[in-house]
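Biologist: Can you walk me through this fold? I have the model open and would like to start with the strands.

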Amino acid sequence: MSAPVNVGEYAELAAAKVDPKTWCYFEGGAGDEVTLRANTAAYGRWRFRPRMLVDVSEVSTATTVLGTPVSMPLGIAPFAMQRLLQPEGECATARAATAANVLMTVSTLTTCTHAEIREASEGPRWLQLYILRDRERTLEHIAEAREAGYAAVVLTVDLPYVGRRERDLRLGFENPPSDLALPYASLFETTPALTWRDLEWIRAETGLPLVVKGILTREDALLAHQARRRRPEGAGARRSRRLRGPRRRLRTRGLRRGGRTARAHPAPRGDRARARAPRVHVAGSGDACPRRADRPL
Ligand SMILES: Cc1cc2nc3c(=O)[nH]c(=O)nc-3n(C[C@H](O)[C@H](O)[C@H](O)COP(=O)(O)O)c2cc1C
């Protein structure tokens, strides 16, 4: 193949380089892969509405994401176990992200430590968090990420259990492979017992902007929006001084509830209000659960 010119061609090159038994994990989806196909097809349904007779002699895709300047509104989603693809794993991805000046979100199931990733290149970076059955280890993990300068926590909520991945079963992919070192956790240490209360707990413990990843219904988007306004309990109160102020509006704006549009409330003012309401944001999701990909939320 000549030099790749689009994402599909890069994927083809990668597939040719990686052992099929490993590649099935990176390429495959759950069950009959109905959602995976639907998600891919959904991208093809987006259409731009270009406006004409606008001076575009100087254009820029640069923007900010939660206050972080980036070269374009695209980032690297968290994906696990990158040393299966390349010996330098997440460190290599981090260098690429820095070169392109885009945001990288590092998975809890990273194969490099956060210190190694920081050593490899400067941010900007967010931490994707799975809450483990062992809460203490979860907190230790967050502390290490804070130390490494992560700017936000992306809490994945759509993986209480791992889907039945038929490609992995067919080719005998072991998840995680027994010879792969995972410094923070493996998938099977994550807890299936998460509730909205844990969202409040983690918000209080991190003191960083919190992005909720994997919300699939408008009902849950509303609950996420409401969670940002509740006062965290326990440790949260102890740490409330470090919590950051709320965004003025969540992306739930415009969602309909009971026939009326549910509005995000304006930010309360002052220190006490800030302690009550650190940032919670809702991000899109993958194919862990079936959904109508063409009608997110
Ligand atoms: C191989 C692979 C590993 C992934 N690992 C994680 C992970 O560790 N944590 C997480 O929150 N999401 C993980 N995801 C989900 C992605 O972050 C993303 O939400 C999903 O792939 C949908 O985005 P896409 O349509 O751009 O692929 C993984 C996805 C893939 C394909």
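Modeller: One term before the strands: a residue counts as buried if 20 or more other C-beta atoms lie within 10 Å of its own. Keep in mind that this is a predicted model.

Biologist: Fine. In strand E4, which residues point which way, and are they buried or exposed?

Modeller: E4 covers residues 103-106. Leu-103 and Thr-105 point one way, Met-104 and Val-106 point the other way, and all are buried.

Biologist: Why the alternation?

Modeller: Because side chains in a regular strand alternate between the two faces of the sheet.

Biologist: What does E4 pair with on the E3 side?

Modeller: Strand E3, residues 75-76, pairs with E4 in the parallel sense over 2 bridges. Ile-76 has Met-104 of E4 as its bridge partner. Between E3 and E4 the chain passes through helix H4, residues 89-100, in a right-handed β-α-β crossover.

Biologist: And how many bridges join E4 to E5?

Modeller: There are 3, and the two strands run parallel. Met-104 turns up again here, opposite Arg-125 in E5. The connection from E4 to E5 goes through helix H5, residues 114-120, and this β-α-β crossover is right-handed.

Biologist: Where does the sheet go from E5?

Modeller: To E6: strand E5 (residues 125-129) and E6 run parallel, joined by 3 bridges. Leu-127 stands opposite Val-153 in E6. The chain gets from E5 to E6 through helix H6, residues 135-147, and that β-α-β crossover is right-handed.

Biologist: Are the faces of E6 covered or open?

Modeller: Both faces of E6, residues 153-156, are covered. Val-153 and Leu-155 on one side are buried, as are Val-154 and Thr-156 on the other.

Biologist: Which strand pairs with E6 over 4 bridges?

Modeller: E7, residues 210-213, in the parallel sense. Val-154 has Val-211 in E7 as its bridge partner.

Biologist: Switching to helices. How many residues of H8 are buried?

Modeller: 8 of the 11 residues in H8, which spans 196-206, so the helix is mostly covered. Among the buried ones are Trp-201, Ile-202, Arg-203 and Glu-205.

Biologist: What follows H8?

Modeller: Gly-207, with a positive phi near 65°.

Biologist: Last topic, the whole chain. What are the totals?

Modeller: The protein has 11 helices and 10 strands. Of its 297 residues, 28% count as buried. Among contacts with a separation of 6 or more, 76% come from residues 24 or more positions apart.

How values were computed: Residues are numbered from 1 along each chain as its sequence is written. This is a predicted model: local features need pLDDT of at least 70, side-chain atom pairs count only at pLDDT 80 or more; totals for chains, interfaces and linings use all residues. A residue is buried if 20 or more other C-beta atoms lie within 10 Å of its own, exposed if 12 or fewer, and partly exposed in between; C-beta atoms are placed from the backbone. Two residues are in contact if their C-beta atoms, placed from the backbone, lie within 7 Å. Two strands pair if DSSP finds at least two bridges between them. A crossover is right-handed if, with the strands pointing away from the viewer, the path from the first strand over the helix to the second runs clockwise.
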